[in-house]
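Hi,

Here is the structure I promised to pass on to you. Have a look at it first, and then read on for what I found in it.

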Amino acid sequence: MSEWIEACSVGDVDEEDLIRFDHDGKTYAIYRSPDNEFYATDGLCTHEQVHLSDGLVMDYIIECPKHNGRFDYRTGEAKGAPVCVNLNTYPTRVEDDTVFIQVK
């Protein structure tokens, strides 16, 4: 069963940036795209479990801070070595300046 959980306020995430969000023993990353949309993925790189919140966002790409692996945060697709396993993504919605993500 999935549920919608409150992740952050809209103002907590700068444009073309991300924040870390921890919930129920799991780490997520919440992104704000150049077109002001919000996205959510697992918060740890699939290569060596490094927190993506310490990485660099460029357009729709998150670059892992450890080995510079890249993912498209909209789809979770691995885009550059050494990462080869995609990130899980989660639906988001915004209500009254609050960002919610849907988790399983």
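Let's start with one pair of residues: Tyr28 has Asp42 in S4 as its bridge partner. Before going further, please keep in mind that this is a predicted model.

**Around Asp42**

Asp42 sits in strand S4, which covers residues 38–42. Is Asp42 buried or exposed? Asp42 counts as buried because its relative accessibility is 12%, and the cut-off for buried is under 20%. Its strand has a similar story to tell: four of the five residues of S4 are buried, so S4 is mostly covered.

The side chain of Asp42 has polar company too. One polar contact, at 2.4 Å, goes to the side chain of Tyr90. Another, at 3.2 Å, goes to the side chain of Lys26. If you set aside neighbours within four places in sequence, the residues in contact with Asp42 are Lys26, Thr27, Tyr28, Ala29, Leu52, Leu87, Asn88 and Tyr90.

**The sheet that holds S4**

Which strands make up the sheet around S4? The order is S2-S3-S4-S9, an open sheet of four strands with antiparallel pairing. S2 and S9 are the edge strands: each has a single partner strand, so one side of each has no neighbour in the sheet.

You can walk through this sheet pair by pair:

- S2 and S3 run antiparallel and are joined by seven bridges. In this pair, Asp17 stands opposite Arg32 in S3.
- S3 (residues 26–32) and S4 also run antiparallel, with five bridges between them. These two strands form a hairpin with five residues in between, and Asn36 in the turn has a positive phi of about 65°.
- S4 pairs with strand S9 (residues 89–90) in the antiparallel sense over two bridges. Here Thr41 stands opposite Thr89 in S9.

**The other sheet to look at**

There is also an open sheet of four strands in the order S5-S6-S7-S8, again with antiparallel pairing. Its edge strands are S5 (56–58) and S8 (78–80), each of which pairs on one side only. On average, neighbouring strands of this sheet are turned by 30° against each other, direction ignored. Inside the sheet, S6 (residues 61–63) and S7 (residues 70–72) pair in the antiparallel sense over three bridges, and Ile61 stands opposite Asp72 in S7.

**Cores**

A bit of background first: in soluble globular proteins, nonpolar side chains tend to be buried together. In this model, the largest nonpolar core has 15 residues. Which residues have the most contacts inside this core? They are Cys8, Phe21, Ile30 and Ile101. The elements giving two or more residues to this core are strand S1 (3–9), strand S2 (17–23), S3, S4 and strand S11 (98–103).

Phe21 is a good one to click on. Not counting residues up to four places away in sequence, Phe21 touches Ile5, Glu6, Ala7, Lys26, Thr27, Tyr28, Ile30 and Ile101. There is a second, separate core as well, with 14 residues, including Tyr31, Val57, Cys64 and Ala78.

**Aromatic rings**

How many aromatic pairs does a search of the whole structure find? The search finds five. One of them is formed by Tyr31 and Tyr73, which are stacked, with 4.4 Å from centre to centre and 0° between the planes. This pair links distant parts of the chain: Tyr31 is in strand S3, while Tyr73 is in the loop between S7 and S8, 42 residues apart. Tyr31 is buried, with a relative accessible area of 0%, and Tyr73 is buried, also with a value of 0%.

Tyr73 has a further ring partner. The centres of the Tyr60 and Tyr73 rings are 6.1 Å apart and their planes are at 50°, so this pair is tilted. Tyr60 is in the loop between S5 and S6, and Tyr73 in the loop between S7 and S8, so to speak a link between distant parts of the chain, 13 residues apart. Finally, Tyr31, Tyr39, Tyr60 and Tyr73 form one aromatic cluster.

Best wishes

Key. Residues are numbered from 1 along each chain as its sequence is written. This is a predicted model: local features need pLDDT of at least 70, side-chain atom pairs count only at pLDDT 80 or more; totals for chains, interfaces and linings use all residues. Side-chain values use heavy atoms; hydrogens and water are left out. Two strands pair if DSSP finds at least two bridges between them. Axes are lines fitted to C-alpha atoms, for helices over the stretch in contact, and angles run from 0 to 180 degrees between N-to-C directions. Buried means under 20% relative accessible area, exposed over 50%, partly exposed in between (1.4 Å probe, protein chains only). A polar contact is a pair of N or O atoms within 3.5 Å; within protein, one must be able to donate a hydrogen and the other to accept it, and residues adjacent in sequence count only if both atoms are side-chain atoms. Contact means heavy atoms within 4.5 Å. A nonpolar core is a set of buried Ala, Val, Leu, Ile, Met, Phe, Trp, Tyr and Cys residues joined through side-chain atoms within 4.5 Å. Rings of Phe, Tyr and Trp (its six-membered ring) pair if their centres lie within 6.5 Å; planes under 30 degrees apart count as stacked, over 60 as edge-to-face and the rest as tilted.
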